[in-house]
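These are my notebook entries on one chain, its packing and its contacts with a partner chain. I begin with a single helix and work outwards.

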Amino acid sequence: MAVAQTDIETLATADKPQGYWSGVGRRFLKDKVAVAAGCVAGGLILMAIFAPWVAPQDPFDGTMIRRLSPIGTEGYPLGADELGRDMLSRLIHGARLSLFMGVTPVLIAFVIGSAIGIAAGYAGGWVNSVTMRVLDVFYAFPSVLLAIAISGALGAGILNGLLSLTVVFIPPIARVAESVTTAVRKLEYIEAARASGASAFTIVRAHVLGNVLGPIFVYATSLISVSMILAAGLSFLGLGVSPPNPEWGLMLNTLRNAIYVQPWLAALPGVMIFLTSISFNMLSDGLRSAMDIKQ
Amino acid sequence: MSDAILSAHNLVKHFNAGGWGAARKVVRAVDDVSFDVAPGETLGVVGESGCGKSTTARLLTHLLPTDRGEVRFRGRVAGTEVPLKDFRRHVQMVFQDSYASLNPRMTMLDAVAFGPTVHGLDLPEARRRAGALLERVGLDPARFGPRYPHEISGGQRQRVNIARALAFDPDVIVLDEAVSALDKSVEAQVLNLLTELRRERGLTYIFISHDLNVVRHISDRVMVMYLGEVVEIGPTADLYTAPRHPYTEALLAAMPSLDPDRRTMEAPLQGDPPNPIDPPPGCRFHTRCARAFGPCPGTAPVPALVGRRHLASCHLNTVKEAAE
Amino acid sequence: MLIFTARRIAYTIPIMLGVSLVCFALVHISPGDPLVSILPPDASVELQEQLMAIYGFDRSYPEQFLRWLGRALQGDLGNSIATGRPVTAEVMNAVGNTLILAVTATIIGFTLGGLFGFVAGFFRDSWIDKLASTLAVVGVSVPHYWLGMVLVIIFSVELGWFPATGAGPGGSSQWAWDWEHMRHLVLPAVTMSVIPMGIVARTVRALVADILQQEFVTGLRAKGLLDRGVLAHVIKNAAPTALAVMGLQLGYLLGGSILIETVFSWPGTGFLLGQAIFQRDLPLLQGTILVLAMFFVILNLVVDVVQSALDPRLQRG
């Protein structure tokens, strides 16, 4: 009997249920800039993974005869570096460490920062206040300064570089996570979930995470660009990755003295950093508008 | 009245409105509210917005912690004598905003199935029962089960919310403005559904609304709230025909009526309710009451029995000299 | 206004305390003995203990922190382990150079970014608007130290217009407002100005577009009255926000100048930090970072107070 009553209402709605993600995917694919940026970023990641098969030469093998060969030398299309190693191969291999150093801190900070921010946001009250005030302290440092300060104190090394960058990105991610969670927590479906008798942990898992992780993740992807620049910057300063490993920032550093001999060769590693940074930036912008997140 | 299924005893809830120490301001959202509900009964709760109806609903369902007072379920204190998790299975709630009260990333079937899984039912069985409940509230489970909240209408969503509450097999459902946001025709359908379900399952409702017509239609008894206090509570017919509190009278007079003879020309209630941060002393209603007299500004009236199960807090009923 | 300022200052104090705690901790998270860089490899245990006592490293952490904080409040940030000179003097000398660079860069960045944003906001969705938003993305995505190198390659190596490094002739670290010194300032300042330019352009664009959509402006435009009055109104309304962004960017540049200063061997705080890192001169590292972070915190405070004085609506909440 009740069924008959509702038929008028039901006719109005579409017949096929549509998930949230299919809509996001459709909107994203319409955005040509974002798709192009995604292809570049994907290409760089593939290049990093398959570096040994893609690179024409051994990135560590150099002779002083080929030292600083110019771009366009036969067999060395992008020239050779200050130790006579093939530039193209080093740039390709450099993608491994550079991307690793740039992306990993953001991923770790995403996990830790989300956990802190969601916990603070869901708990509210004084737990929230104390957490956010502590994070404010880290906000008092410009990100470059904080990364270099921690890295400088810890000394050079891949692990120290990762650690300092992770510390830099936790506060901003936690802050975004907190504000998104606080907004979600006030919604009635969270109240309804509480009325079901579910524990805070269950509510966060079943009802909060799905609604906050998307926006937090998009924000985190926007940090990859900054992280790439900072990670390479640390190596550029002599912190982070140490020679003879190929890493774009470090390559920029060691080639700096060659600037009067082969100026454009010396600038090549920066092109890679720039390319990675801008493609992640645009990818993140595209994701944000596809997911309709306002910031 | 120890046979009450749910009762409120001197509930108090004050919200902080800024300031520290002596300058601290509090909103007296709910101030010393007591009442009880008999099994199978529907208690309507009415009042202007900001009178504490919704806060009372959240205190009753323990979604907000009380500052003072207690809620008893079948005579036992909720949260202590009845563990909260059990209490929640017995007392459920349906919210006003049908969209905000559904997780946008959860299908309707899972939204209904979620509650029972919290209480230990395995997911396939919970989903099976959820399907049956969707069917019962008038939604084809094959068609609506896999949908998301934004894909269905407000009336359909509110049916889902009712099904979600039913999934616990509760004794009491608190309906906080549950039909207020719906179109009139849809509202009528949902009200009919609620009436059927009550008969079928012996449910007890606490029906909160600002719409006096709807409350009259569905309630056995009605409670009128003003500025965080109960001013009158009594059987629907008595209260609507012979209100014993000037505020109730004013509310009824302001009610849109289909009967032209009963329409009043002047607005019976002037202005907005006073600020609940600083409620007037004495009877809180005296600043807007057309019949305020001697004791009203100074002494707060106490609830007095004015009929069978009919209480009102007004000096007019108790002080002799006013009766002329 | 007074209450707001007082509240804002009260809020800043715990932040400052936290910042000092972080700076203090920097020395203690560093691996190894903090004295290792000044001790001769064959130093006796007695000498080592003596030096530990002199530098106060033998006390408990809270005690060390309080003593360090007390001295820092009096302007004593200890002595550089490498040079033995007071850290405060070294930092203050370098801060001046960094300020010159950062202020110049902020001015350039704001003039160009503001102009771009203004034009883009005025002619929304035109080609110039698209160009401005592309430049904004490029501005935030470009590794600025690399951009510095590229500018050096173009303008010093290839064209020879500007010097590549230093703050003055012969690597002078004393600033003077003469032609030679100014020539040295151009490339690093332009490089640095790219950091705020994109953000400024984006902010100004949004502000201008927003104000132009307000009703009375639309009304004036409909009447064909897009005169100086409207322009003045737009500027007046955009000023507080633009100012806030400017202040924050200046603070950011002060702290973020390290990499650019390294590229150009600019004798500022960044250069000092680089030295401190290489020589593992932890007091110098700590002192420089403390000063820069405090600058940033105080600048934030000033920006907030000034901004709310210009736009009293911001004082609520």
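I looked up what lies over the buried residues of helix 3 of chain B, and I found that the cover includes helix 10 (200-236) of chain A as well as helix 4 (123-136), helix 5 (141-144) and helix 6 of chain B. The model is a predicted one, and I read every entry below with that in mind.

I then checked the burial of helix 3 of chain B residue by residue, taking buried to mean that 20 or more other C-beta atoms lie within 10 Å of the residue's own. Because 10 of its 11 residues are buried, I note helix 3 of chain B as largely enclosed by the rest of the structure; among the buried ones are Met108(B), Leu109(B), Phe114(B) and Val118(B). After this helix comes Gly120(B), for which I noted a positive phi, near 100°.

Next I turned to the contact between the chains, where 34 residues of chain B meet 27 residues of chain A. Helix 3 (108-118) of chain B is among the elements giving two or more residues to this side, as are strand 6 (91-94) and helix 7 (184-201) of chain B, but the largest share, 4 residues, comes from helix 2 of chain B. I sorted the residues on the chain B side into 16 nonpolar, 11 polar and 7 charged.

Last, I took chain B as a whole, and I recorded 11 helices and 12 strands, with 47% of its 324 residues counting as buried. The radius of gyration of chain B is 21 Å, which agrees with the value near 20 Å for a compact globule of 324 residues.

Conventions
Residues numbered from 1 in each chain as written. Chains lettered and ligands numbered in written order. Predicted model: local features only at pLDDT ≥ 70, side-chain atom pairs only at ≥ 80, totals over all residues. Contact = placed C-beta atoms within 7 Å. Nonpolar A, V, L, I, M, F, W, Y, C, P; charged D, E, K, R; others polar. Rg over C-alpha atoms; globule rule 2.2 N^0.38 Å. Buried ≥ 20, exposed ≤ 12 C-beta atoms within 10 Å, placed from the backbone.
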